[in-house]
2 protein chains.
Amino acid sequence: MYSEGVSTSERLIESTRELLWERGYVGTSPKAILERAEAGQGSMYHHFKGKPDLALAAIRRTAEELCATAEAVLGGPGTPYQRIEAYLRRERDVLRGCPIGRLTMDPDIIASDELRAPVDETLDRIRERIAGIVEEGKEQGQFAPSVDGEAIAATVLATVQGGYVLARASGSPAAFDAGVRGLLSLLAPDRPA
Amino acid sequence: MYSEGVSTSERLIESTRELLWERGYVGTSPKAILERAEAGQGSMYHHFKGKPDLALAAIRRTAEELCATAEAVLGGPGTPYQRIEAYLRRERDVLRGCPIGRLTMDPDIIASDELRAPVDETLDRIRERIAGIVEEGKEQGQFAPSVDGEAIAATVLATVQGGYVLARASGSPAAFDAGVRGLLSLLAPDRPA
DNA sequence: GTCTATACGATGATAGAC
DNA sequence: GTCTATCATCGTATAGAC
């Protein structure tokens, strides 16, 4: 499964990232992690203090990756509307859900300030980034002066996170796409009032 | 904890409903259910075939309750916009999340067509209800003829479901409220283009 | 209908050999 | 660094007494 040269702690983190995405924190056991990482128990407790410590390392990496993915489209070319559209329409594995957002439904994550922190920071940073872009669009006259960047940013992020919920409920990405389409139609600068 | 006169199977279903909301399916054990219901193991396996069977009964009841709560505001008085606003602004225990929507992040729920079905049906029914209201608003000239009722309905539902995610991540209902505010500002019939 | 006893694998972690 | 015991507890279910 794993090629040579990848360190054991690296394999442990990657396996944990996958399992947290698939099954969440409560649904992921050290045993499952070890099997996927092809490692023994000793390795895990040598490199990490336990399940929460390993999960924290995994979540932090996933959080950074998600921020980078978001920045790639939000910091890309185009008008403010186009950059937000690019964020909403970017390729996603919709039925897998958001690897960060899904953790908010995990009771043990929410109960731990340390585990919740990277989740909160990630969503907050993307929200602030979008809010700034909306404000930019207002200055350029693309959005009405009355719109509230912070509020619109929350709506954009919520539509994505909620889109995952609808898609997973129905077993099809269609509902995610519909939600995005609806939001874009409301945001469109040129739409008939 | 429980007053006299409430049947054991009733207590089992109610306890399961609470725990599914708090901890999800994977995070809820029969033992925890029994303790909360003040019942022994025998009772549970007498009334239900096992954990999935009891969970199904609990989910079905929660699904019905949620549909009724939604219908109470969506079928209420007012213009289409006002009814959608009432749905978005209705009182919610935001930090607890949606008792139905949260189940979509549970791997064992998604893996079982039987357990997923009531979740899917609930969200789909509410979505269709909102879509019809949007179409109604178009006929009355409150919404532009170009808007797509199905898409807007998905956006409305996604904003709510995603709002729970943002709120739980930050530990505050503020982000939920911001998302709702942003969406309503985009939907407002009289807003400046 | 409800209880207790029993079962067996899974969970999360420690100890100590190599 | 990694491995294999070993451990106490939990998770899910069955059996049978009352």
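**View 1. The helices of chain A in the predicted model.** Chain A contains 9 helices and 0 strands. This structure is a predicted model, and in it the order of elements along the sequence of chain A reads α-α-α-α-α-α-α-α-α. Measured out along the principal axes, the C-alpha atoms of chain A fill a box of roughly 65 × 35 × 30 Å.

**View 2. The two copies, chain A and chain B.** A turn of 180°, with a shift of 0.0 Å along the axis, lays chain A on chain B with an RMSD of 0.0 Å. The two copies are therefore related as by a two-fold rotation axis. Among the residues of chain A, the one that comes closest to this rotation axis is A:Gly162, whose C-alpha atom is at 1.9 Å. Of the interface residues of chain A, 100% are also interface residues in chain B, so the copies meet through the same surface.

**View 3. Helix α1 against helix α4 in chain A.** Helix α1 of chain A, residues 8-23, packs with helix α4 of chain A, residues 51-74, at an angle of about 75°, and their axes are 9 Å apart. Because angles of 65 to 115 degrees count as roughly perpendicular, α1(A) is described as roughly perpendicular to α4(A). On the side of α1(A), the contact is made by A:Glu10, A:Leu12, A:Ile13, A:Glu14, A:Thr16, A:Arg17 and A:Leu20, while α4(A) brings A:Leu54, A:Ala55, A:Ala57, A:Ala58, A:Ile59, A:Arg61, A:Thr62 and A:Glu65. When the residues of this contact between α1(A) and α4(A) are divided by class, 8 are nonpolar, 2 are polar and 5 are charged.

**View 4. Helix α5 against helix α9 in chain B.** In chain B, helix α5 (residues 80-89) and helix α9 (residues 174-187) pack at an angle of about 170°, with their axes 10 Å apart. Because angles over 145 degrees count as roughly antiparallel, α5(B) and α9(B) are described as roughly antiparallel to each other. The contact joins B:Tyr81, B:Ile84, B:Glu85, B:Leu88 and B:Arg89 of α5(B) with B:Phe176, B:Val180, B:Leu183, B:Leu184 and B:Leu187 of α9(B). The residues in this contact of α5(B) with α9(B) comprise 8 nonpolar and 2 charged residues, with no polar ones.

**View 5. The protein surface around DNA strand D.** DNA strand D is surrounded by 16 residues, and the closest of them are A:Thr8, A:Gly40, A:His47, B:Pro30 and B:Gln41. Of the atoms of DNA strand D that come within 4 Å of the protein, 61% belong to sugar and phosphate. At least two residues of the surface near DNA strand D are supplied by each of α3 (41-47) of chain A, α2 (30-37) of chain B and α3 (41-47) of chain B. The largest share, 5 residues, comes from α3(A). Sorted by class, the residues of the surface near DNA strand D are 3 nonpolar, 11 polar and 2 charged.

**View 6. Polar atoms facing DNA strand D.** A polar backbone atom of A:Gly40 is 2.7 Å from a phosphate oxygen of DNA strand D, and a polar side-chain atom of A:Ser43 lies 3.3 Å from a phosphate oxygen of this strand. With B:Gln41, the partner is a base nitrogen of DNA strand D, which is 2.7 Å from an N or O atom in the side chain of that residue.

**View 7. The protein surface around DNA strand C.** There are 15 residues around DNA strand C, of which A:Pro30, A:Gln41, B:Thr8, B:Gly40 and B:His47 come nearest. Sugar and phosphate make up 63% of those atoms of DNA strand C that come within 4 Å of the protein. The surface near DNA strand C has 3 nonpolar, 10 polar and 2 charged residues, and α3(B) gives the most to this surface, with 5 residues.

**View 8. Polar atoms facing DNA strand C.** A phosphate oxygen of DNA strand C is 2.7 Å from a backbone N or O atom of B:Gly40. An N or O atom in the side chain of B:Ser43 is 3.3 Å from a phosphate oxygen of DNA strand C, and a polar side-chain atom of B:His47 lies 2.7 Å from a phosphate oxygen of the strand. The elements that give two or more residues to the surface near DNA strand C are α2 (30-37) and α3 of chain A, together with α3 of chain B.

Notes. Residues numbered from 1 in each chain as written. Chains lettered and ligands numbered in written order. Predicted model: local features only at pLDDT ≥ 70, side-chain atom pairs only at ≥ 80, totals over all residues. Heavy atoms only, no water. Axes fitted to C-alpha atoms, helices over the stretch in contact; angles between N-to-C directions. Helix = DSSP H or I, 4+ residues; strand = E, 2+ residues; numbered from the N terminus. Parallel < 35°, antiparallel > 145°, perpendicular 65-115°, else oblique. Contact = heavy atoms within 4.5 Å. Nonpolar A, V, L, I, M, F, W, Y, C, P; charged D, E, K, R; others polar. Least-squares fit on C-alpha atoms with pLDDT ≥ 70 in both. Near = heavy atom within 4 Å. Polar contact = N/O pair within 3.5 Å; in protein donor to acceptor, adjacent residues only side chain to side chain.
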